[in-house]
Structures are given as structure tokens and as C-alpha cells.
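Me: I'd like to learn how to read strands, rings and buried side chains in a model. Could you walk me through one?

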Amino acid sequence: QPGQKGFIVWHQEEKIESFTVQPKFEGNALDFGMVIPTPSEPKLAEMPRDFFKDLAIYTILMPLPKQLSIEGYDYRLRRGGGPYPEAAGGGNWDKAKKDGVTVLQHGVVGSLDYKVIVAEKADGLYDWLKENQYAYSGDAATLDFYIKKKWFFTVMKIDPKQMKRAANGSYTGEVTPTRFTFESEKCIYPLKITQISVKDTTDALLYVHSKEQMDLEGELSFMHSYRCMYLTFMLGCGANREQQEELQTRNQWMQKKKQADPRFDTTKLEWARKLGDSEISVLEDPLKNYAQMGNAIPAGAKVISQKDFLDEAKTQLEKEDKDGKNGEWVKQRLKELEAETNSEKGVIVKHEKPAGYYQAQYMWYPNREAPDEDVKGLTRLKGHLQKGRWLTKIRKHIRKDEMSDDLVFVPVPSGQEQDYTRIMPTSPP
């Protein structure tokens, strides 16, 4: 399992979590399987095949705005979850118990055969898996980690016909996404069991949708890398003393971690925002609103036409050319500004009172770009993404020796949330 994707929806008040998973498999086998532990009995539902592709397109970082500088007059300042699913299959199927294993439900979700079970002992579950033709490659101790916590297990078989076949006969591919919904005291992602199917590392890409912005605990926090990138980008552009001290502290921490473990790598924040009207408008009319995520611009600013911008630029340039000796240069500069502000490639924003981060009176907001057919598919995210809730996207390359426990997400303290939708110079690809 070289990679895995997860979409986690956390309802703090109800203590209800759902996560949608789409593992990636590689190998040479007649069939593939998954054993997924949850802290309570889950309900399963099929999700759209392209669900994670849609999420990836939705969360493409927007290019940073850049100032439109009119030579002769410098405006520049310093940079300053959708509804809970019903259970699939199951019904009133009789519970069966063998080897201390109780089968609570079984059925089909999408094209996946599944059973939800509980077990009294690890060796009993180990035997049950083998008897039911699940070639479990891990040890009983990993199962016992969850059995002691009285967790439930969902076992699934995957038809390899869903996956592509390589030239050497082995299979590779991603299966249909499946959503699990269950009660939980914490927002979790079952990681420890992954160690049995990982050779060296797994590329974990996780989206968390919740009322509060969520982050991993301790050394796994995305703050370690994101804040360093953000503050480095801000230095010389308005970072205050407190921010500079934070950057120094974080860099020193990182150096110590690297010295102790040269392979240490941080969790990367790849996109984050509390979804508002402009973000949800993309799901209603993707082709119209995708490029600028609904044209959300700062307060006190407005989008102006290219003609209005060029008229204002001409007036200013001619005003600066008091003696009229640079008429040809003014014409040339206006042609350059016209080419730079093609209305099909972005929008011009005018700030009446420019201030703060990388702003000038006139700014060029480049469009995000993706194929129209892919953008149209974003309507499939309607109902899954909710207004007023955070969507936080993180990535972590997790080594096998780091999988000693499950991942636990905790709220980012109020006032410390990180909004990240525009590319910075050292943003991840």
C-alpha cells in the first residue's frame, strides 16, 4: 500500500466521525483485501469514483496576486460532510460467532464485499481471517492493539478487475472510495494497522472537514513546516519581532530533529480555508466561479475592467510626463500592461487603501487553471462540503517505524488558524 487518501468529516458536538478512504494497492495476487478498525460499529456507503480527483482539483492553490506597477508613480507599500449515510447491505442477517469473532453485519458497498466484526482475542481473529481466506500478513499483536481498545473491524475483499495490470502481471490501482461513519470520542485516522501493508513508507493525503480547523498532535503538526514557510516569505515584508522569534524557534527545533534523525520529515499543509459563500459557489457553477474561487477579494477592494485600469494608468502616466517628452514610452508601457492583464487569464483588483501583505493599489489576480471537463465535475462535491466548516488538506510521508499509533486530530487554538489557498515560493508541488 504505497499510498492512501482519506476524507475525514468530524462532528465534535455529536461525537460522530466519517472517513472516506481510497487505498492504492500494488502487488501480484488473485484478490486484495482491507482490514479497517473503528472505535464503534460503522455504517458504510459508496462514494463517487472520482471523489478524490474532485477534491484535488477543488484545492489547487491559486497563484499569488502580483502588483501592477505603473512606472512614474509608485503605489507600492511594504508587504506587509455531508449527511450521515445509511448502512449498506447488512439487513437482518443473523450474527455468527466463531473463534471469539462475532459478525455484526455483511453486505456489498459498490463492488466491495464487506463484513463488520468484533473479536475477543487477537489469535481468534487471526485464525478467523485465515479461515475466511483473508491472507492477513501482519502479526496478532497489531490486531490486539485494537482488540484491547474494543474497536470494531471491517474486512473487505477487492476485485482486482477494478485495477490496472502491469506488464509483469502485477496489479496496481485505486479502488472505489468507501465512507465509514461511526461514533468516536476523538477525531482519528487508523494508522497503526497500515504498517502491515507498507514496505517502507506510505504517502498519506488527508482532508479534514470540521467546524474547527484540525491539526495533528505534537511532532506531526503541520505548523512546523507551514509556519516556517509563511514566516520566511513574510520576512522583510512586514514580519514583526514576535514572528521573527517564532521563525527562529521553529528553525532551531527542525535542526535538532534532523540531527537526531536525518530522515525526519514534517507534515505538509497543502490547502486550508473556512468555506464561505464564494467557496460554495464553485460547487453550484464551477466553470463560472472556479478560476477565482468565487471572486473573493479583500474588503475595500473591487474588480475593475481592463479598460478602466488602462484609462487610469494612461491618466497617471501622462500626468507624470509633464513635459510630454515620453509619449512613445507611455504608449509602449500601456501596451505592456494590456498584454499583462488579459481578461481570460485573471482579474484586476483595485484597492482604495492598499495595506498589508503584498498589496498595491492595482493588483493582478491570476486565474486557477484546470480542464473544463474536470472543473465541471466539482458539482459532485455538493453536500459533501459544507459552508461554515474548515477544509484542511495535509500530506505526510509516513515511515513504517512511525506507525506505532493511530493519528489523532485536535482543534487548532482559536485565533491561530491558518488560511492557505495561494501559492508561496516554497509551496509543495
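Me: In which sense do strand 6 and strand 20 pair, and over how many bridges?

Reply: Happy to start there, and please keep in mind that this model is predicted. Strand pairing is read from the bridges between two strands. Here strand 6 joins strand 20 (residues 362–366) through two bridges, and the sense is antiparallel. For a concrete spot to look at, find glutamine 67, which faces methionine 363 in strand 20.

Me: Which strands make up the sheet that holds strand 6, and in what order?

Reply: The order is 6-20-19-18, an open sheet of four strands with antiparallel pairing. Its edges are strand 6 (66–67) and strand 18 (301–304); each has a single partner strand, so one side of each has no neighbour in the sheet.

Me: What does helix 8 lie across?

Reply: Helix 8 (residues 306–320) lies across strand 18, strand 19 (346–351) and strand 20. With respect to strand 19, the helix runs at about 50°.

Me: Now the sheet with strand 14: what is its strand order?

Reply: That open sheet has three strands in the order 14-22-16, and the pairing is antiparallel. Strand 14 (187–189) and strand 16 (214–216) are the edge strands, each pairing on one side only. From one strand to the next, the twist averages 35°. Between strand 14 and strand 22 (residues 407–411), which run antiparallel, there are three bridges. One position to inspect is tyrosine 189, which stands opposite leucine 407 in strand 22.

Me: Is cysteine 187 buried or exposed?

Reply: The idea is to compare relative accessible area with a cut-off: under 20% is buried. Cysteine 187 has 2% relative accessibility, so it counts as buried. Cysteine 228, at 11%, is buried as well.

Me: How many disulfides does the structure have?

Reply: The count is zero. A disulfide would require two cysteine sulfur atoms within 2.5 Å.

Me: On to the rings: how many aromatic pairs are found in the whole structure?

Reply: The search gives 14 aromatic pairs. The angle between the ring planes sets the label, and over 60 degrees it is edge-to-face. Phenylalanine 145 and tyrosine 146 have planes at 90° and ring centres 4.9 Å apart, so this pair is edge-to-face. With a relative accessible area of 22%, phenylalanine 145 is partly exposed, while tyrosine 146 is buried at 0%.

Me: What kind of aromatic pair do tyrosine 226 and tyrosine 420 form?

Reply: Theirs is a tilted pair, with 50° between the planes and 4.9 Å centre to centre. Tyrosine 226 belongs to helix 4 (residues 223–234) and tyrosine 420 to the segment after strand 22, so the pair ties together parts 194 residues apart in sequence. Tyrosine 226 is buried, at 2% relative accessibility, and tyrosine 420 is buried too, at 1%.

Me: Which residues form an aromatic cluster with Phe7?

Reply: Phe7 shares one aromatic cluster with Phe51, Phe52 and Tyr207.

Me: Where does the charged end of lysine 192 sit?

Reply: For a charge over a ring, look at both the distance to the ring centre and the angle to the ring normal. The charged end of lysine 192 sits over the ring of phenylalanine 145, 5.2 Å from its centre. In another case, lysine 257 has its charged end over the ring of phenylalanine 264, 5.1 Å from the centre.

Note on methods. Residues are numbered from 1 along each chain as its sequence is written. This is a predicted model: local features need pLDDT of at least 70, side-chain atom pairs count only at pLDDT 80 or more; totals for chains, interfaces and linings use all residues. Side-chain values use heavy atoms; hydrogens and water are left out. Axes are lines fitted to C-alpha atoms, for helices over the stretch in contact, and angles run from 0 to 180 degrees between N-to-C directions. Contact means heavy atoms within 4.5 Å. Buried means under 20% relative accessible area, exposed over 50%, partly exposed in between (1.4 Å probe, protein chains only). Rings of Phe, Tyr and Trp (its six-membered ring) pair if their centres lie within 6.5 Å; planes under 30 degrees apart count as stacked, over 60 as edge-to-face and the rest as tilted. A charge sits over a ring if NZ of Lys or CZ of Arg is within 6 Å of the ring centre and within 35 degrees of the ring normal.
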